[in-house]
Amino acid sequence: MAMTRLLYASDFHGSEAYFRKFLGAALHYQADALIVGGDVTGKAMIPITHTGSGYSATLFNRRETPSTPQELERLRQTITNVGFYPIVLEPDEVAALEADSEQMGKRFEQEMIARLRQWMELAEDTLRQPNIHLYFMCGNDDLASMDAAIEGYDHVHNPDGRRFWLDADHELVGLSLANITPWRCARDTEEDELARRLDQMAALLEAPERAVMAIHVPPFDSGLDTCPELDENLQIVHRGGHVLMKAAGSPAVRQMIERVQPLLTLHGHIHESPGHVRLGRTLAINAGSEYAEGIMKAAIINLERDRVKGHVLISG
Amino acid sequence: MTEMVAAAGGERKLYARKSSGLIRTIGVFGAMVFGVHCISLSSSGLIPYSWIAGVWPGSSIIGVLTVAAFFCLFHAYTYATIGATMPRSAADYTLGSRTLSPPLAFAASWTLVIFSAMVAGALIAWIPTVALPTLTRSMGIVFSNPSLVSFAGWSASRTGIIVIGTICALITFGTMVLPTRSIVRILEVGFFLGLAAWAILYFQLGTASSSEFPAAWDRFMGSGSYEGRIALAQQFGMVINPNVAVMTLAGLIMGFWVFYGYYIPTFFAGEVKQAENTLLAGSWASLIVTWAIFVLGALLLQRLVPLEWIAAESYLSQSPDAVAAGVTAMPYITFYAAVVSPSFPLVLFVAFAWIYTLINLAQTYFFYCSRIIFAWSFDRLIPEFVSWVHPKLHSPIWAIVIITIVAEIGIIDAATGSVMGAQLNFVFFAVITMFVPVIAMTLFPYLKPDLYQNASAAVRRRLGPVPVITIVGAITLTYMTWMVIASFLYPAVGGGINSTKLGVLALLVISGLVVFYGARAYRMRKEGIDIGWTFQSVPPV
């Protein structure tokens with residue numbers, strides 16, 4: 001019986017090492033299709049200040065002072081690998097950027113778009129010859145302007161709100177939105193809006209029972225959505241000396257899965273809750289993320305026509 | 001949605017979006033509590049005075065404890081670094097399987113879990129075998145209650161061990177199926193109870209004068225007993241040897257026997273916050289705290305009686321000839337404290353705290369075994385149902401049931417003559433299983449340079465051109481090799497390792513390999529998935 005092998009990961013958060021390993025894994029494991037489940041942009045820019053004789057930056061509380069072009073390039077690569085954006089600035093540029101938050105935001109957006117485009121070009125070059133298709137979706141942490149950076153490639157497609165055929169039997173639809181988070185991210189939305197968009201997604205499907213749905217936020221109380229509870233100041237809530245954990249997934253996502261019962265749903269969003277769970281006949285997977293360590297976490301899934309033949313979570 | 005995050009001193013270090021932030025659960029205090037309980041304030045709390053003193057008569061108890069703890073610091077560093085390198089459940093298995101050899105790492109982990117569960121049973125059996133009889137006999141003697149002395153005898157009988165052990169195993173199971181937060185609270189209560197019990201012992205020993213002790217002892221153990229103790233021990237072969245070299249040797253052997261357990265948060269590193277700092281701080285803190293508690297006990301005890309006398313009492317309890325001759329020896333610090341200050345409420349409180357913390361000890365074994373089983377299940381080496389989590393209790397019921405069953409086997413083994421010698425050979429078995437992860441960690445910078453370069457700063461510390469972890473790992477490996485050799489050289493410590501016990505070890509390792517290759521073949525055929533993929537590093541394009 002014909003089998004399609006998917007490779008799925010999410011929450012790269014700008015980590016170049018993660019993304020490059022993900023592409024490497026496509027070849028290594030002979031995947032037929034790749035799916036990325038969102039939150040692809042990084043969380044911070046690291047200013048590298050030109051000091052005249054060299055450069056100065058602080059990474060993970062450690063002062064770095066590259067003095068040669070090779071050392072500077074190595075530092076830039078380290079910063080890029082952990083998901084941050086290195087920006088080399090003169091001292092007056094540092095002052096100007098810090099004085100103008102709007103300018104800071106624009107610079108951030110430029111850096112994110114530039115890296116995404118680099119990634120898409122790398123993916124196109126890598127996947128053209130084996131003719132593997134990458135379905136690359138944003139997540140709630142990614143600005144709306146990121147979608148444009150994913151367009152215009154033959155082997156890279158954005159499944160957010162759209163339907164693609166992975167093979168002759170299995171459709172793929174995606175949804176980048178998430179329920180409201182404490183950080184009020186770019187694509188956070190209310191549960192009722194999420195439910196509406198999920199209904200629209202489901203309506204795109206010809207054969208839901210064989211469909212794959214990439215939904216950034218995991219279903220509520222599924223074990224794929226457990227994370228620490230935060231207070232109004234975004235501080236972790238402790239009680240009796242311990243961190244309180246809570247389910248942060250979406251009830252709307254869970255209700256939709258229970259109602260539509262697709263073959264497979266793929267999630268991200270909650271980095272610390274990798275795993276898989278059955279909701280009725282649907283297999284739901286969260287591959288987790290350790291982007292800051294440059295460790296790739298992903299899931300390999302073998303699909304047969306009417307069932308998930310097997311799956312495994314990998315990291316490396 | 002951008003904010004500046006300033007380093008200390010106001011220097012700007014990065015421009016972060018507000019959506020950054022991540023987290024884990026167990027902090028330094030929690031890690032220390034787990035470590036202290038796995039070392040055990042009760043069972044290990046007796047060892048320095050009841051065992052070490054008699055095995056090496058004349059050696060300084062404090063010196064032995066200090067040398068032992070010192071070498072454990074290196075081992076603790078190695079395991080903390082393993083957890084910092086792979087901050088997830090069963091970090092040792094995860095590192096070994098990703099760095100060295102998946103089947104060997106699994107076989108080592110499998111052996112550790114089965115044997116740990118057996119040891120948990122053997123430790124539970126300690127309650128009816130040693131803890132209850134010691135305490136009830138002490139109370140019976142001190143308060144002239146023959147039925148308590150008689151209960152002590154029944155408790156240590158085969159029936160008593162199985163009945164009381166099974167009850168305690170069920171209590172442990174009942175507490176382990178509670179949510180993790182409740183388990184941690186139970187352990188924290190035990191930590192403070194244990195501290196309170198030691199404070200009572202300090203009070204009892206510290207407020208008595210050395211001139212009171214002989215009379216107090218004789219009152220309970222018979223007239224002239226105190227005075228003749230050293231001579232009696234010498235009559236049965238005790239030789240006092242206050243040689244520093246012997247003391248150092250004893251310390252080198254006793255490290256894991258006294259302090260084993262400080263490093264167990266590495267087994268659940270996935271639940272530890274800031275693993276790179278917490279694991280080291282927690283394990284070192286548990287080592288230092290227990291060292292300080294036991295050393296203070298030794299100091300106060302030696303205020304009352306000479307070291308040679310403590311050695312004689314300990315020696316008599318271990319000498320088969322003395323036991324056969326009907327000599328009753330009570331080399332327990334709890335008994336020493338009780339005879340100088342025979343207060344029923346205080347003795348009862350210490351007894352309660354002792355038993356509570358013994359159950360805590362078994363709980364830590366159950367806890368880390370269940371996390372390791374989780375890791376296997378996550379790699380899909382064992383059936384998924386084993387890691388099923390109860391929806392209300394949020395605990396892995398089946399994993400805990402399996403551990404409880406194996407622990408019950410450990411109890412029965414202890415009651416029926418200890419065929420496997422689970423408790424006495426635990427250090428040997430544990431050390432054997434440690435070789436895979438410790439070798440993996442020592443060579444990690446060279447075997448996995450890409451992961452090493454991306455590891456946390458704590459993992460990447462260097463001493464000149466050599467990674468610190470390679471140096472410390474080499475010291476740890478040397479120490480572990482010595483522990484294996486010492487298990488054979490010193491039967492009094494190694495518990496008499498024989499071909500049966502080595503066969504059991506081989507059987508456990510081979511069964512682990514069979515499970516690994518069996519799971520691999522099954523999943524390849526059934527699912528088209530090679531579980532070997534789980535352990536591979538993928539080169540970036």
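Start with chain A on its own, in this predicted model. A compact globule of 316 residues would have a radius of gyration near 20 Å, and chain A has 20 Å, so the two agree. Turn the chain along its principal axes and you'll see its C-alpha atoms filling a box of roughly 65 × 55 × 30 Å. Of the 316 residues here, 51% count as buried. If you look at contacts between residues at least 6 apart in sequence, 67% of them join residues at least 24 apart.

Now switch to a cartoon view of chain A. You should be able to find 6 helices and 22 strands.

**The open sheet in chain A**

Select β8, β7, β2, β1, β21 and β22 of chain A: these 6 strands make an open sheet in just that order, with mixed pairing. Which strands stand at the edges? They are β8 (156-157) and β22 (308-315) of chain A. Each has a single partner strand, so one side of each is left without a neighbour in the sheet.

Zoom in on residues 4-9 and 297-303 of chain A. These are strands β1 and β21, and they pair in the antiparallel sense over 5 bridges. To pick out one such pair, click T4(A): its bridge partner in β21(A) is L303(A).

Next, add residues 16-28 of chain A, which form helix α1. Helix α1(A) lies across β1, β2 (33-37) and β21 of chain A, and runs at about 165° to β1(A).

**Two helices in chain B**

Hop over to chain B and select residues 43-55 and 244-259, helices α2 and α11. Their axes come within 11 Å and cross at roughly 145°. The crossing of α2(B) and α11(B) is right-handed.

Show side chains to see who makes the contact. From α2(B) you want S44(B), I47(B), P48(B) and I52(B); from α11(B), take A250(B), M254(B), W257(B) and V258(B). How many of the residues in this contact are nonpolar, polar and charged? By class, there are 7 nonpolar residues, 1 polar and no charged ones.

**Last stop: P320(B)**

Finally, select residues 320-324 of chain B, helix α14, where you'll find P320(B). Is P320(B) buried or exposed? P320(B) is exposed, because 8 other C-beta atoms lie within 10 Å, and a residue counts as exposed at 12 or fewer. Before you leave, label F236(B) too: P320(B) and F236(B) are 84 residues apart in sequence, and 9.2 Å apart in space from C-alpha to C-alpha.

Terms used: Residues are numbered from 1 along each chain as its sequence is written. Chains are lettered from A and ligands numbered from 1 in the order in which they are written. This is a predicted model: local features need pLDDT of at least 70, side-chain atom pairs count only at pLDDT 80 or more; totals for chains, interfaces and linings use all residues. Axes are lines fitted to C-alpha atoms, for helices over the stretch in contact, and angles run from 0 to 180 degrees between N-to-C directions. Helices (H or I, at least four residues) and strands (E, at least two) are DSSP runs, numbered from the N terminus. A crossing is left-handed if the near helix is turned anticlockwise from the far one by less than a right angle, and right-handed if clockwise. Two residues are in contact if their C-beta atoms, placed from the backbone, lie within 7 Å. Ala, Val, Leu, Ile, Met, Phe, Trp, Tyr, Cys and Pro count as nonpolar, Asp, Glu, Lys and Arg as charged, and the others, Gly among them, as polar. A residue is buried if 20 or more other C-beta atoms lie within 10 Å of its own, exposed if 12 or fewer, and partly exposed in between; C-beta atoms are placed from the backbone. The radius of gyration is taken over C-alpha atoms; the globule rule is 2.2 Å times the number of residues to the power 0.38. Two strands pair if DSSP finds at least two bridges between them.
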